[in-house]
Protein chains: 2
Amino acid sequence: MAKKTNMVIAQSGGPSMVINQSLAGAVLEARASAKIGKILGARHGILGILGDDYADLRKVTPAKMRAVAATPSSALGSCRKKPTLEDCRAIFEAFRRRDVGYFFYIGGNDSADAARIVAEEAEKAGYPLVVYHIPKTIDCDLRSCDHTPGFGSAARFVASALKGDDLDNRALGGVKIDIIMGRDAGFLTAAGALARERPDDGPHLIYLPEVPFSLDGFVKDVKAAMKKYGRCVCAVSEGIRDAKGVPVAAMFAAGEKDSHGNLQLSGSGALGDFLAGHLKANAGISRVRADTFGYLQRSFPGIASRTDGEEAFAAGAAAVKAALKGGLTKGTIAIVRAEGKRYQVAFAPVPIAEAAKYTRSLPREHIARNGHDVTAKFIEWAKPIVGELPRCEII
Amino acid sequence: MAKKTNMVIAQSGGPSMVINQSLAGAVLEARASAKIGKILGARHGILGILGDDYADLRKVTPAKMRAVAATPSSALGSCRKKPTLEDCRAIFEAFRRRDVGYFFYIGGNDSADAARIVAEEAEKAGYPLVVYHIPKTIDCDLRSCDHTPGFGSAARFVASALKGDDLDNRALGGVKIDIIMGRDAGFLTAAGALARERPDDGPHLIYLPEVPFSLDGFVKDVKAAMKKYGRCVCAVSEGIRDAKGVPVAAMFAAGEKDSHGNLQLSGSGALGDFLAGHLKANAGISRVRADTFGYLQRSFPGIASRTDGEEAFAAGAAAVKAALKGGLTKGTIAIVRAEGKRYQVAFAPVPIAEAAKYTRSLPREHIARNGHDVTAKFIEWAKPIVGELPRCEII
């Protein structure tokens, strides 16, 4: 292929600790190819394309790119924008002007959907464009992946935080409620279970969006845990919902929504405070504290899971490889886990629709029968993704 | 000295990441002495003495003690109890029964005060007792110490968290408010400034309990920062107070107080949510998020400052050495920093009253003239205590 084609890569949705690994994986792979001309990093997702705001990623040295890869959050900036038809037309015009034939979009299911819309509209408009979504979400809820890049590191934060917090609760007693990210899926909250080393270690109760939540049940569970352990640590998903599917947090959130229709759940301590207040008033427990782990779960530097980082890098590289190979022109990278004892994953190009819009939940077999814990199967599944945690010794 | 005397050691107040280093330092020092008989770890501070609940610390192997030292939170459990006269009488009776001549209490200013009360009442009651307080507080507000064991590691958490959070804010924009521990002193909030690598890195605004806080000033500052940086990250102490000295958080807290008269500030997201709501309503900024770092600041495993850990260990050992040496029988360990470029500290026994009850604030020379930042002098002071942070690279 004599003529080189330019590529645009961008990041979208919530940042993660390893989303820049995927950026580096894709960029370093593209630099090794004779087919790619310019490598343009659009700033703040499709907003950068619409505003012609790019970083020239050929100018970034490989050494610097590796340092960026090890840095949390989205180095190119992010956005939460669902492209309209008008946006798509403007995007193709911008791409035509800059001779762009490849578009890579790193993000979760909403970002995959945005990429799908761009890809389908390009086809309709007759603009020749290869579009690849590169999976990223700390929520781990893409249907195309056994687990998603970003999850392992966020899970590592959550499990570490709960490990320390459980020791804190051992020292001072009472009830501790920790609110954990995950709008629709309980993977991240479930990962709190990895904090446990000893039979009486917390979290003692785990509440997931997949299991209907009731305040009465909560009070009952906490009282039983207090009786058994003399203290209680609860890992609670920000996305818990009642039997009718209404998020418990919906009554506190200011109602702010993004253009994908998602209600703001994070960046507020309201849910934790509400649950703590309810326990104080209804369970006769005086010392109840709540923390909301918030954005630290996705951006804390220096503690990323090594496996997660390597896989994020590999997913980015795999997307570029697949795009250059040809054949599938609207793709995403599925992360497929091999059966058997030894942990191994493969990165497979699949149609983009498999990652777009719809999410998956924690499988039934990962949720304990009592509805407020995980199973040994979940632990076995999550451990290699999260990696070894600091050992904590007690007297 | 033919006759051996038993010792009791206990932990009190809020845990830290390195309070067990002090425990290990004291215990391993005591084990090396021929003067000490039994080494009893009272569980949950003076409550363990009153309830005759001890761990036999001679039975803990040195290897296990080192592993405990590296574990966050208070391995013996903690309490927040100010001893009454009646408690003191019960304590001396318990000590007499168990032949205790040395009492070590690891904690902050309230714990130092508790130890002081026990020491003074023992003298009045004619009970021969050597009492040493071992300094610990993430707040860094003991008057007897240049900085306190526990502060460096908590500061490391805060600076790391702000580093990641600032990158998150770079990616998605708007205003981010982070609420940081520190009831009366702004050291920990100020340490957020260590997150900065580049001139436009956050935190862009730092609010300390030492500087009167006004909502109008806050709105003005944020608007100016938004204009300058296009985004804004605020590090806010949980202890901020208005010009009359009334804590801003006082209007939200349920009014829960411990026996030292302290209002509960942590374990709630109310202050952050209030400030975020105020900005949304009064600054015309749509994306405002708040996180409260909460208990993670003092208990997150695996990220302690090495210097902090070593100093905490040394402070514990120094207390036992001083107690065994004789002379000062009611002491605490002052941490004295040498003048000059090279970082060096000494551990000096001083009268316990120097650590008890009264606290110190961030010195005026550490606070920027504008009232919402720290000085270069503060950074210089804090850096060696906190240690190198993960480098973060941007594009």
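**Reading a two-chain model**

Biologist: Among contacts in chain A between residues at least 6 apart in sequence, what share joins residues at least 24 apart?

Modeller: Two residues are in contact if their C-beta atoms, placed from the backbone, lie within 7 Å. In chain A, 75% of the contacts between residues at least 6 apart in sequence join residues at least 24 apart. This is a predicted model, in which local features need pLDDT of at least 70, side-chain atom pairs count only at pLDDT 80 or more, and totals for chains, interfaces and linings use all residues. Residues are numbered from 1 along each chain as its sequence is written, while chains are lettered from A and ligands numbered from 1 in the order in which they are written.

Biologist: How many helices and strands does chain A have?

Modeller: Helices (H or I, at least four residues) and strands (E, at least two) are DSSP runs, numbered from the N terminus. Chain A has twelve helices and eleven strands. Its C-alpha atoms fill a box of roughly 75 × 40 × 35 Å along the principal axes.

Biologist: Which domains does the assignment give for chain A?

Modeller: Domain bounds come from an automatic or database domain assignment. For chain A, domain 1 is 5–149 + 303–354 and domain 2 is 157–300 + 361–386. Taken over C-alpha atoms, their centres are 32 Å apart. Domain 1 of chain A gives 20 residues to the contact, and domain 2 of chain A gives 19.

Biologist: What does burial look like in helix H3 of chain A?

Modeller: A residue is buried if 20 or more other C-beta atoms lie within 10 Å of its own, exposed if 12 or fewer, and partly exposed in between; C-beta atoms are placed from the backbone. By that rule, 58% of the 395 residues of chain A count as buried. An α-helix has 3.6 residues a turn, so residues three or four places apart point the same way. In H3(A), residues 62–69, the buried ones are A:Met65, A:Val68 and A:Ala69. They fall within an arc of 105° seen down the helix axis, so they line one face of the helix; the arc is that of the directions from the helix axis to the C-beta atoms. These buried residues pack against helix H1 (19–31) and helix H11 (306–325) of chain A.

Biologist: Is A:Lys280 buried or exposed?

Modeller: A:Lys280 is partly exposed, with 16 other C-beta atoms within 10 Å. A:Lys280 is found in helix H9 (residues 270–282) of chain A. Leaving aside neighbours within four places in sequence, A:Lys280 is in contact with A:Ile285 and A:Val288.

Biologist: How can chain B be laid on chain A?

Modeller: Copies are superposed by least squares on the C-alpha atoms of residues with pLDDT of at least 70 in both. Here a turn of 180° and a shift of 0.0 Å along the axis lay chain B on chain A with an RMSD of 0.0 Å. The two copies are thus related as by a two-fold rotation axis. In chain B, the C-alpha nearest that axis belongs to B:Gly269, 2.1 Å away.

Biologist: How many residues does each chain give to the contact?

Modeller: Chain B and chain A give 48 residues each. On the side of chain B, H6(B) gives the most, with ten residues. Of the interface residues of chain B, 100% are also interface residues in chain A, so the copies meet through the same surface.
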